[in-house]
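This report covers charged and aromatic side-chain pairs in a single model. The structure comes first, then the pairs.

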Amino acid sequence: MTDRWGDVAAYNITIEQTGGSGIVVPGRGILLNNELTDFTFGPAPGDPNLPAPGKRPRSSMAPTIVLKDGRPLLAVGSPGGATIITTVLQILVNRLDFGMSLPEAVAAPRASQRNTAATQAEPAFTERYGAELTALGHTLTDVPGPPAGEIGAATGLEFLRNGLVQAVAEPARRGGGSALVVSPRR
């Protein structure tokens, strides 16, 4: 989001479960998450992610603001637990390196590799890149969800020429998202 003064924030809800912690920031309407579920619970002696006073759980949150010549160019983010980092990375690579428009980059099929033998992939990703990646020795598996077959639910802003701002949300994942420009000029 951006305001009339040009301040930019990448704000994406990843609240662990519907309703998060059940606490809303007074006067703001923002649900707080329940990040305690990201601690390791159960038998795991020596695990650095065990709950303890003063500790924070591991987190994959990665709201990202990209600057160009010291000015905001993009703000993107997504919920999705451990898939957040790969979702944001793929949007940035698609937009900045592959030249897709921001709407195309957000809509593009995704995969998520998190140091495991297999890479989770959306069906469209497997259809498009599966044969070539398998030939290189990669193993692709379906995304178990929830929701099954989908990675992330991204939103983003791109700051265009002449002070225009383009707001983008998922066109189909999780039923499609919403992103709006309230005032077309900053």
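## Side-chain pairs

At 32% relative accessibility, Tyr129 counts as partly exposed. The model is a predicted one. Phe125, in contrast to a partly exposed residue, is buried, because its relative accessible area of 12% falls under the 20% cut-off. Phe125 and Tyr129 sit in helix 3, four residues apart, which is about one turn of the helix. Their rings form a tilted aromatic pair, with 4.8 Å from centre to centre and 50° between the planes. The angle counts as tilted because stacked planes are under 30 degrees apart and edge-to-face planes over 60. The count of aromatic pairs comes to one.

Charged pairs come next. Side chains of opposite charge can pair when their charged atoms come close. The structure holds four salt bridges, and the table lists three pairs, among them Arg95 with Glu158.

| Pair | N to O distance |
|---|---|
| Arg95 and Glu158 | 2.8 Å |
| Glu170 and Arg110 | 2.9 Å |
| Arg173 and Glu122 | 2.7 Å |

Which parts of the chain does the salt bridge between Arg95 and Glu158 tie together? Arg95 belongs to helix 1 (residues 84–97) and Glu158 to strand 6 (residues 155–159), so the bridge ties together parts that are 63 residues apart in sequence. Arg95 is partly exposed, at 22% relative accessibility. Glu158 is buried, with a relative accessible area of 6%.

The side chains of Glu170 and Arg110 also meet in a salt bridge. This pair links distant parts of the chain, 60 residues apart: Glu170 is in the segment after strand 7 (165–169), and Arg110 is in the loop between helix 2 (102–107) and strand 3 (111–112). Both Glu170 and Arg110 are buried.

A further salt bridge joins the side chains of Arg173 and Glu122. Arg173 lies in the segment after strand 7, while Glu122 lies in the loop between strand 4 (119–121) and helix 3 (123–135), so parts that are 51 residues apart in sequence are tied together. Arg173 and Glu122 are both buried. Which residues are joined into one network by salt bridges that share partners? They are Arg110, Glu122, Glu170 and Arg173.

Technical notes: Residues numbered from 1 in each chain as written. Predicted model: local features only at pLDDT ≥ 70, side-chain atom pairs only at ≥ 80, totals over all residues. Heavy atoms only, no water. Helix = DSSP H or I, 4+ residues; strand = E, 2+ residues; numbered from the N terminus. Buried < 20%, exposed > 50% of the residue type's maximum accessible area, 1.4 Å probe, protein only. Phe/Tyr/Trp six-rings, centres within 6.5 Å; stacked < 30°, edge-to-face > 60°.
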